[in-house]
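Biologist: Before I rely on any label in this model, I would like to hear the reasoning that stands behind it. Could we go through a few of them together?

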Amino acid sequence: MKNTPRSRISNPYGAIKENFGGNFQFEISLRGMEYNPKKIEKKWQRLWEEKGIFKGKDFSKKPKFYVLDMFPYPSAEGLHVGHPRGYVATDIYAHYMRRKKFNVLHPMGWDAFGLPTENYAIRTGIHPEITTRKNIKRIKEQMKMIGLGYDWLREINTTDPEYYKFTQKIFLLLFKMGLAYEATLPINWCPSCKTGLANEEVIDGKCERCGTEVTKKDLRQWVLKITAYADRLLKDLDLLDWPEKIKEMQRNWIGKSEGWEMEFRIQNSEFRISVFTTRVDTLFGCTYLVVAPEHPLIEKLKSNIQNLKSIEEYIEGTKKKLERERISEVKEKTGLELKGIKAINPINGREIPIFVADYVLVHYGTGAVMAVPCHDQRDFDFARKSNLPMIEVIKPYQEKKELPKEAPLIISDGRYQMAYEGEGFLINSGRFTGMKSEEAREAIGQFLAKRNLSKKAVYFKLRDWIFSRQRYWGEPIPIVHCQKCGIVPLPEKDLPLKLPKIEKYQPTGTGESPLAAISEWVNTKCPRCGGPAKRETNTMPQWAGSCWYYLAYVMLGNQKSKIKNQKFIWDKRKINYWLPVDLYVGGAEHAVLHLLYARFWTKVLYDAGWIKFKEPFLKLRNQGLILAPDGQKMSKSRGNVINPDPLIEKYGADTFRLYEMFMGPFSEPINWNTKGLIGMKRFLDKVWNLFGKEKNVISIEEDKEIERILHKTIKKITEDIENFRFNTAISALMILVNELQNRNYGIWHLKTLISLLAPFAPHFAEELWQKYFVQTSDFRLQTSIHNWPWPKYDPKLIKEEMITLVIQVNGRVRDKIEVSADISEEKAKELAISRERIKKWLKDKKIKKVVFVPGKLINIVV
Ligand SMILES: [Zn+2]
Ligand SMILES: [Zn+2]
C-alpha cells in the first residue's frame, strides 16, 4: 500500500500540531472484513472507562462546560427506546464540547424516592432499597450498552443517606430562614395514593402520579414559602435560554397581576370588604360584589342575612365540589344574593348587592370580586342570568367606522349580548368620563388612595408549596415536636436522620405516614430541653431530592476510585468552578414542577450565601417524546413498550444512537420505527467500506470539489450540533459519504469524516481511528478520537452562493439585499427588520405574518 502525502491546504485541523507524526499508512486492510459492532463496542466501553476518557476534572485551565440530563427515576421497567433520546443528544454535545477543548462535566444519577417503588414494596414486602438497587443496576447497564459517556465516579442516588443528609440540611436552612412552616390547610388529597399533593402535582384535577380524581382534606402540613420568591422566579426567567413555551408556562403558573386593592364599606356596619382588581377603570360599572362561600364576611354578618338558611345550604353544597368544577369555564355559574346586606361602591357611593358564588375562591386574591357585567364576560353571564343591572363604562377606541366585534352589542330588548373586555374611552364615569381606560386606572386608583380607600397591590396565582407526604419512601423531615418547646429542628450533627426499617409500607389513610406506627422511632428526646418529644412522621415529596442534585455531582468530584458510602462535601471552590449548569436537557412535562422547585431552592441557597449563582440551568432544551409505532404513548399498561436491548444486540449501539437522532427534529414527538435502524446500519457499513478501497485513495490536490464539500460538511455539522439539529447533521454526513463513494478521496477526507462521526457513533469511530490514524497500540486519552480537536473549516473553501432577496412590506417591494442562497426564514426576517428602509414601514406596528419564499423574497405583513 502506498503512502499518502498530506496536503497543507486542505488540512481541516489548521495549525494544530500533528500528534502522531509521519505519513499515514493503512496498516491493516479491512477488505473483506465486515463491520461487526459486537466485536468492538464492549471493548471500547471498557477501555474508555478504564482510561477515564469521559471524566470531568475538577479545575482545569480549559473553560468548563457542565452538561446535564434530567436524572431518571429508576423504574422496574428499565429504559424503553424513547428514554435515550435526550441522553444520546447530551452525549453528542458533551463529545463535541470535549473536542472543542472544554473541560466537560457530564454526570448521571438516580432520582430514586417515589411512589412506584413504595407501591411495589406494599405488594411484595420487598424493601424499596433493594428494589431501587436492582432497578438502578439494570438501567445503568442499559446506559452503558448505549455507550453513553458519563462520569460514573460521580454517580448519585437521592435515597442514599449521605445524599439526603444534604436534602435535610437544606430543609433546615429553609426552616431557619422562615421559609418552611407548619399549617393546617385544606390540601389536595389523592384517595388512591393516600397522600397530600402540591398544586403542581394536580393535573386537570387529577393526581399527577396515578390519575385519580383529587379531593380536599384538612391536614397539618409542612409548607414551603415559594410565594416569597414569586417575583424573582418570574423576573429571572428573562436571564434564561429556555424554550419560550416553558418560560410562558412558568409565567402563567406564577400568574402575576398588578392592580388596586379597594375597600367596599358594608351598609350599616363597620365591616369592609377588600377587593382586588386589575381594572379599576371600570369601577363605575360595578353593579354588585361576589364573595367566596368561605369568606369571613358571611360568618361575621350572619345576623343581618335574611336568607341565612338558603345561604348555608348553598355553602354546604359547595364543600362537596372540587375546585376544578367550581372554576370550570363551561359550567354555569351559580350564586345567591346575601339578602339584607349591601355594599357601597366607593367611587360613587352607590348601594350594590352582594352575592355568594362558588366560582370565587377564597385563597385567590382577596376572596371577593367586584362585578362589572359590561366588561367582564363571567360577570356578564352571571348578571344576565340573575337579571342584574349593567352599566357600560368603556367605549372601544374606534379607528374604523364599524363597531369592533368584541364590543357589547345592544339587542332589541335593550340588553347587551356580550361583555367588552378591551380598552377604550370612559363613559358614564363622572369626572373620569372621556379619559382613556389605561390612564383612568391610575387616576381612579389614586383618587381613592387619597381617601384611604385603595392601595396599589400585586397578586400572584402561585401558592405556597405543600411539602409533606404521608408516605414512607421519602426523606424524613428533620423536625421534632416537643411538648415544651414546640417545633424543634434537629441539630446538624444528628443528620442524616435515616429512614427506619418498617414492616408495613401501607399508607394509613388517616393522614399519617406509616412512620407514625414505629413508636421507638417516633418517640425521642427533644434536642433543646431533653424532654420527651415526637418526631415528625411526614416525609418530603419526590421533588425534594432533585431540587439540588446538580450540586451533588460536583460535591463528589475527583475521586480515584468508586468508594462505598462516598461522602458529599460542600466544597465551595468546586461549586463555584462548575456551576451553574450550562446545558440542561429533559422532558417538557417538568415545566412547573421540578424546574420551578429547583429554581426556588437555588435562589434560597443564593440568599443564604451557600452558592454564588441565582439560576441553576442557563440553557434548557426539551426532547420530543418518542411514541410507539401506532402513535400512542409507550407504557407498560398499553403493552406497546419497545425495549432497546435486543435492538442494540442486533444492530449495535452506534446504529441505535444514529437512529435515535436521525428520526426527526429533536424537540418534536415522533413515532418509533424499528426498520429505520436498518438504514443507519447500512450507512455505517458504507463508511466502513470506504476504508477498504485503497485504490481510490489518492493525493487530494486532484479534486477541489471534494474539498469544498468536506469543508461545507464541517461547517454544517458544527452548526447543527450547536443548534440541536442532530437529524440534519447526520444527513450531512450521509451526503458526504455518498460523495466520497463517487469520487477520488484522500486520507484526510476519511480522517475528517471519522472525526465528525465520532460523537454520534463513538465506538465505530474509535475503532477506525485506532486502526488507521494512531500508530501505537497504547490506548490512552491522548490517542483517543474523543480527545482529538474538532475539525475547523476553511471559510475560503466554502464560497457561498449569493442571491438577491426581495423584502416586501404588506406585499410592496421596499428593499433588496444580497444574502447567501440558503438563508433561513429566521435569519432573513432578522436581517429584513433591521434594515433602516424597512424599519420606517414597520414603525411600532405588530408583525402579523411573515411570508418567506426561499431564495426569492420575504414579505412582512403588519
Ligand atoms: Zn395518586
Ligand atoms: Zn423541648
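Modeller: The turns below take up the metal sites, a helix, and the pairing of strands, and it should be said at the outset that the model is predicted.

Biologist: What makes Cys-190, Cys-193, Cys-207 and Cys-210 the protein donors of the zinc ion (ligand 1)?

Modeller: A donor must be an N, O or S atom within 2.8 Å of the metal, and the SG atoms of Cys-190, Cys-193, Cys-207 and Cys-210 lie 2.2 to 2.4 Å from the zinc ion (ligand 1), so these four residues meet the criterion. Along the chain, their spacing reads C-x2-C-x13-C-x2-C.

Biologist: Why is the arrangement around the zinc ion (ligand 1) called tetrahedral?

Modeller: Four donors count as tetrahedral if all angles lie between 85 and 135 degrees; the four donor atoms here subtend angles of 101 to 119°, and the arrangement is therefore tetrahedral. For comparison, the ideal angle for four tetrahedral donors is 109.5 degrees.

Biologist: How do you know whether Cys-190 and Cys-193 are buried or exposed?

Modeller: Buried means under 20% relative accessible area; Cys-190 has 0% and Cys-193 has 5%, so both are classed as buried.

Biologist: What makes the site of the zinc ion (ligand 2) tetrahedral?

Modeller: This ion is coordinated by the SG atoms of Cys-482, Cys-485, Cys-526 and Cys-529, at 2.2 to 2.3 Å, and the angles among the four donor atoms run from 105 to 116°. Since the limits are 85 and 135 degrees, the site qualifies as tetrahedral.

Biologist: Why can Cys-485 and Cys-529 be said to tie together parts that are apart in sequence?

Modeller: The donors follow the spacing C-x2-C-x40-C-x2-C. Cys-485 sits in the loop between strand 20 (479-482) and strand 21 (486-489), while Cys-529 sits in the loop between strand 22 (523-525) and strand 23 (532-535), so the pair ties together parts that are 44 residues apart in sequence. Cys-485 is partly exposed, with a relative accessible area of 27%, and Cys-529 is partly exposed as well, with 33%; both values fall between the limits of 20% and 50%.

Biologist: How do you know that the span of helix 2 is close to what is expected?

Modeller: Helix 2 (residues 84-99) has 16 residues and reaches 22 Å from its first C-alpha to its last, against the 22 Å expected at 1.5 Å a residue. The helix is also described as mostly covered, with 16 of its 16 residues buried, and it is followed by Lys-101, whose phi is positive, near 70°.

Biologist: What makes strand 29 and strand 30 edge strands?

Modeller: They belong to an open sheet of four strands in the order 29-28-31-30, with mixed pairing. Strand 29 (812-820) and strand 30 (849-853) each pair on one side only, and neighbouring strands of this sheet are turned by 20° against each other on average, direction ignored.

Biologist: How do you know that strand 28 and strand 29 pair?

Modeller: Pairing needs at least two bridges; strand 28 (residues 802-809) and strand 29 are joined in the antiparallel sense over eight bridges, so they count as paired. Met-802 stands opposite Ser-820 in strand 29.

Biologist: And what of strand 10 and strand 13?

Modeller: Strand 10 and strand 13 (residues 336-344) pair in the antiparallel sense over two bridges, and because the criterion is at least two, they too count as paired. Ile-266 stands opposite Ala-343 in strand 13.

Terms used
Residues are numbered from 1 along each chain as its sequence is written. Chains are lettered from A and ligands numbered from 1 in the order in which they are written. This is a predicted model: local features need pLDDT of at least 70, side-chain atom pairs count only at pLDDT 80 or more; totals for chains, interfaces and linings use all residues. Side-chain values use heavy atoms; hydrogens and water are left out. Donors are N, O and S atoms within 2.8 Å of the metal (3.2 Å for Na, K and Ca); water is not among the atoms, so sites may look incomplete. Four donors count as tetrahedral if all angles lie between 85 and 135 degrees; four count as square planar and six as octahedral if opposite donors are over 155 degrees apart and all others between 65 and 115; anything else is irregular. Buried means under 20% relative accessible area, exposed over 50%, partly exposed in between (1.4 Å probe, protein chains only). The expected span of a helix is 1.5 Å times one less than its number of residues. Axes are lines fitted to C-alpha atoms, for helices over the stretch in contact, and angles run from 0 to 180 degrees between N-to-C directions.
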